[in-house]
Amino acid sequence: MTHPDDLLVAIAAMVESRHSSQMSLTVVIPGAVITGRLAPEALWKERVAEVLRDSEHLRPFAAVFTPPQGDGDHRPGHGDGPTHLHFHVARILQGSFGIPDTGGMYRVALKDVSAWTIGDIGYSDQ
């Protein structure tokens, strides 16, 4: 999509404003179907930073996901509304399998979503 769907942008903005991570969503992007729960960007970054800090080899990368102390979230265009969806406990659907089994953390550009639906699409490991 060259212009993100207004309804999807409104859902992303609501997740951000209410700091809720309970909204389940499934999106179609080039090459993948991702299903899981949306998270506010700050919470998503915090969780990614935690995972990176737990790895001896990846620990230095955690700083990219952590805002400077007292800086808040001062990224360019922050007041313009969300530009990405932040999934946690998410899986890429591949045939009848969801990978990874435990769910992953994905950041998806809203402009890349070609289709979407509310809810988590189930899958079978059999």
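**Group meeting talk: one sheet, two helices and a cavity**

Okay, let's start on the inside: the lining of the largest cavity is made up of five nonpolar residues, two polar ones and one charged one. Before I go on, remember that this is a predicted model.

So who are those residues? The lining consists of Ala12, Val15, Glu16, Leu38, Ala39, His84, Leu85 and His86. Two elements, helix 1 (6-18) and strand 3 (84-94), each give at least two residues to that lining. How much space lies in the largest cavity? About 40 Å³. And if you count cavities of 30 Å³ or more, you get one.

Now let's step back to the whole chain. You'll find two helices and five strands in it. Walk along the sequence and the pattern reads α-β-β-α-β-β-β. The chain has 126 residues, and 32% of them count as buried. Here's a number for how the chain folds back on itself: take the contacts with a separation of 6 or more, and 62% of them are between residues 24 or more positions apart.

On to the sheet. In what order do the five strands sit? The order is 4-3-2-1-5, in an open sheet with antiparallel pairing. At the edges you have strand 4 (97-109) and strand 5 (115-118), and each of those pairs on one side only. Neighbouring strands in this sheet are turned by 30° against each other on average, if you ignore direction. As a bit of background, strands of a sheet pair through backbone hydrogen bonds, either parallel or antiparallel.

Let's zoom in on one pairing. Strand 1 (residues 24-29) runs antiparallel to strand 5, and the two are joined over four bridges. If you want a spot to look for on screen, find Val28, which stands opposite Ala115 in strand 5.

What about the helices? Helix 1 packs on the sheet and touches strand 1, strand 2 (32-38), strand 3 and strand 5. Its direction makes about 50° with that of strand 5. Helix 2 (residues 41-53) packs on the sheet too, touching strand 3 and strand 4, and its direction makes about 125° with that of strand 4.

Last part: a couple of backbone details. Most residues other than glycine have a negative phi, and most peptide bonds are trans. Keep that in mind for the next two spots.

The first spot is Val89, in strand 3. Its phi is near 50°, so to speak on the positive side, and this residue is not a glycine. Is Val89 buried, partly exposed or exposed? Buried means under 20% and exposed means over 50%, so Val89, at 40% relative accessibility, counts as partly exposed.

The second spot is the peptide bond from Ile99 to Pro100, which is cis, with omega near -10°. Both ends of that bond are in strand 4: Ile99 lies there, and Pro100 is found there as well.

Let's stay with Ile99 for a moment. Ile99 counts as partly exposed because its relative accessibility is 42%. Which residues does Ile99 touch, if we skip those up to four places away in sequence? They are Arg91, Ile92, Gln94 and Tyr106. And try putting Ile99 and Ile34 on screen together: they are 65 residues apart in sequence, and from C-alpha to C-alpha they are 9.5 Å apart in space.

That's my tour, thanks for listening!

Notes. Residues are numbered from 1 along each chain as its sequence is written. This is a predicted model: local features need pLDDT of at least 70, side-chain atom pairs count only at pLDDT 80 or more; totals for chains, interfaces and linings use all residues. Side-chain values use heavy atoms; hydrogens and water are left out. On a 1 Å grid over the protein atoms alone, a cavity is a set of points where a 1.4 Å probe fits but cannot get out, and a pocket is an open set with protein on both sides within 12 Å along at least five of seven lines; lining residues have an atom within 4 Å of a point. Grid points are joined across faces, edges and corners, and a volume is the space filled by probe spheres set on the points. Ala, Val, Leu, Ile, Met, Phe, Trp, Tyr, Cys and Pro count as nonpolar, Asp, Glu, Lys and Arg as charged, and the others, Gly among them, as polar. Two strands pair if DSSP finds at least two bridges between them. Axes are lines fitted to C-alpha atoms, for helices over the stretch in contact, and angles run from 0 to 180 degrees between N-to-C directions. Contact means heavy atoms within 4.5 Å. Buried means under 20% relative accessible area, exposed over 50%, partly exposed in between (1.4 Å probe, protein chains only).
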